[in-house]
Amino acid sequence: MAGQKDAADQNFDYMFKILVIGNSSVGKTSFLFRYAEDSFTSAFVSTVGIDFKVKTVFRKDKRVKLQIWDTAGQERYRTITTAYYRGAMGFLLMYDVTNEESFSSVQDWVTQIKTYSWDNAQVILVGNKCDLEDERVVSTERGRQLADQLALEFFEASAKDNINVKEVFERLVDIICDRMSESLDANPSLVNVGTRLTADNPSAGNPGAGHPQCQC
């Protein structure tokens, strides 16, 4: 019910479109469900195409409506998911600390972001499944070094144990808000950029009106 209320609520200062991206099976859907509904299940099947949830938060005295898109990681869906990059204010780029291939793919995902999103999109690198310490193959230090190399902020997190899930999303929202504030003096019209990019651009923020609400 809370998710439905959030989805219908039009009383907000900003609306930010956020994408969760990364290889298949790194835990994107579980991460989003933990944040949006505070629930966890290991029984998710691979996301087909794209899904989204809506959550409203208060940050820096502003009411911010988040439209969070959960993207499929498989290569065959890449042309679908990259169409959603345009207009995104922020990205959570996720890898699995127990999966070397997902970590090796981070650079490719960064290239996708640079190719298909706008220049001011903010990105946080997230090493998910840090609860699986016995199965870890990517050290925290390697994750931090890669984030430094790519000039990204970095968190390790666990959807299962609810470690840093809320903190990651809140930090991303804060970064977006800070960047908007820095830009306002130069271009006051940017105050509505979040709403404009997610609500008024059908191809960016609401592809296919009539899209089911996806349990939002």
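The legends below describe close-up views of a predicted model of a single chain.

**Figure 1. Overall fold and confidence of the predicted chain.** The chain contains eight helices and six strands. Read from the N terminus, these elements follow the order α-β-α-β-β-α-β-α-α-β-α-β-α-α. Of the 216 residues, 52% are buried. Among contacts with a separation of 6 or more, 75% join residues that lie 24 or more positions apart. The exposed surface of the chain amounts to about 10400 Å², of which carbon and sulfur atoms supply 47%. The average pLDDT of the chain is 79, and 71% of the residues score at least 70. Residues 1-7 have pLDDT below 50, and this stretch makes ten contacts in the model beyond near neighbours in sequence. Residues 192-216 also stay under 50 in pLDDT, with 57 contacts beyond four places in sequence.

**Figure 2. The largest nonpolar core.** This core comprises 29 residues, and the members that touch the most others are Phe16, Phe31, Leu66, Leu92 and Phe169. At least two residues each come from strand E1 (14-22), helix H2 (28-37), strand E3 (62-71), strand E4 (90-96), strand E5 (122-128) and helix H7 (165-184). Helix H7 gives the most, with nine residues. Another core, of 26 residues, lies apart from this one and includes Ile21, Phe52, Tyr84 and Val123.

**Figure 3. Surroundings of phenylalanine 31.** With residues up to four places away in sequence left out, phenylalanine 31 touches Leu92, Met94, Val126, Asn128, Ala157, Ala159, Asn164, Val165, Val168 and Phe169. Two of these partners, Leu92 and Phe169, are listed with Phe31 among the core residues that touch the most other members.

**Figure 4. Strand E4 between its pairing partners E1 and E5.** Seven of the seven residues of E4 are buried, so this strand is largely enclosed by the rest of the structure. Gly90, Leu92, Met94 and Asp96 point one way from E4, whereas Phe91, Leu93 and Tyr95 point the other way. E1 and E4 run parallel and are joined by five bridges. Within this pairing, leucine 19 has phenylalanine 91 of E4 as its bridge partner. E4 also pairs with E5 in the parallel sense, over seven bridges. Here glycine 90 has glutamine 122 of E5 as its bridge partner, and leucine 92 stands opposite isoleucine 124.

**Figure 5. Strand E5 and its pairing with E6.** E5 is mostly covered, seven of its seven residues being buried. Gln122, Ile124, Val126 and Asn128 point one way from the strand, and Val123, Leu125 and Gly127 point the other way. E5 and E6 pair in the parallel sense over four bridges. The bridge partner of isoleucine 124 in E6 is glutamate 153.

**Figure 6. Salt bridge between helices H4 and H6.** The side chains of glutamate 100 and arginine 142 meet in a salt bridge, with an N to O distance of 2.7 Å. Glutamate 100 belongs to helix H4 (residues 100-104) and arginine 142 to helix H6 (residues 140-150), so that the pair links distant parts of the chain, 42 residues apart. Glutamate 100 is partly exposed, its relative accessible area being 32%. Arginine 142 likewise counts as partly exposed, at 31% relative accessibility.

**Figure 7. Salt bridges of arginine 136.** The side chain of arginine 136 meets that of glutamate 133 in a salt bridge (2.9 Å, N to O). Glutamate 133 is partly exposed, with a relative accessible area of 47%. Arginine 136 also forms a salt bridge with glutamate 156, the closest N and O atoms being 2.8 Å apart. This second pair links distant parts of the chain: glutamate 156 lies in strand E6 (residues 153-156) and arginine 136 in the loop between E5 and H6, 20 residues apart. Because its relative accessible area of 13% falls under the 20% limit, glutamate 156 counts as buried.

**Figure 8. A network of salt bridges.** Arg59, Lys166, Glu170 and Asp174 are linked through salt bridges into a network. In the whole structure, a search finds ten salt bridges.

Methods. Residues are numbered from 1 along each chain as its sequence is written. This is a predicted model: local features need pLDDT of at least 70, side-chain atom pairs count only at pLDDT 80 or more; totals for chains, interfaces and linings use all residues. Side-chain values use heavy atoms; hydrogens and water are left out. A nonpolar core is a set of buried Ala, Val, Leu, Ile, Met, Phe, Trp, Tyr and Cys residues joined through side-chain atoms within 4.5 Å. Buried means under 20% relative accessible area, exposed over 50%, partly exposed in between (1.4 Å probe, protein chains only). Contact means heavy atoms within 4.5 Å. pLDDT is the predictor's confidence in each residue, from 0 to 100. Accessible areas come from the Shrake-Rupley method with a 1.4 Å probe; for residues, only the protein chains shown count as cover. A salt bridge is a side-chain nitrogen of Lys or Arg within 4 Å of a carboxyl oxygen of Asp or Glu. Two strands pair if DSSP finds at least two bridges between them.
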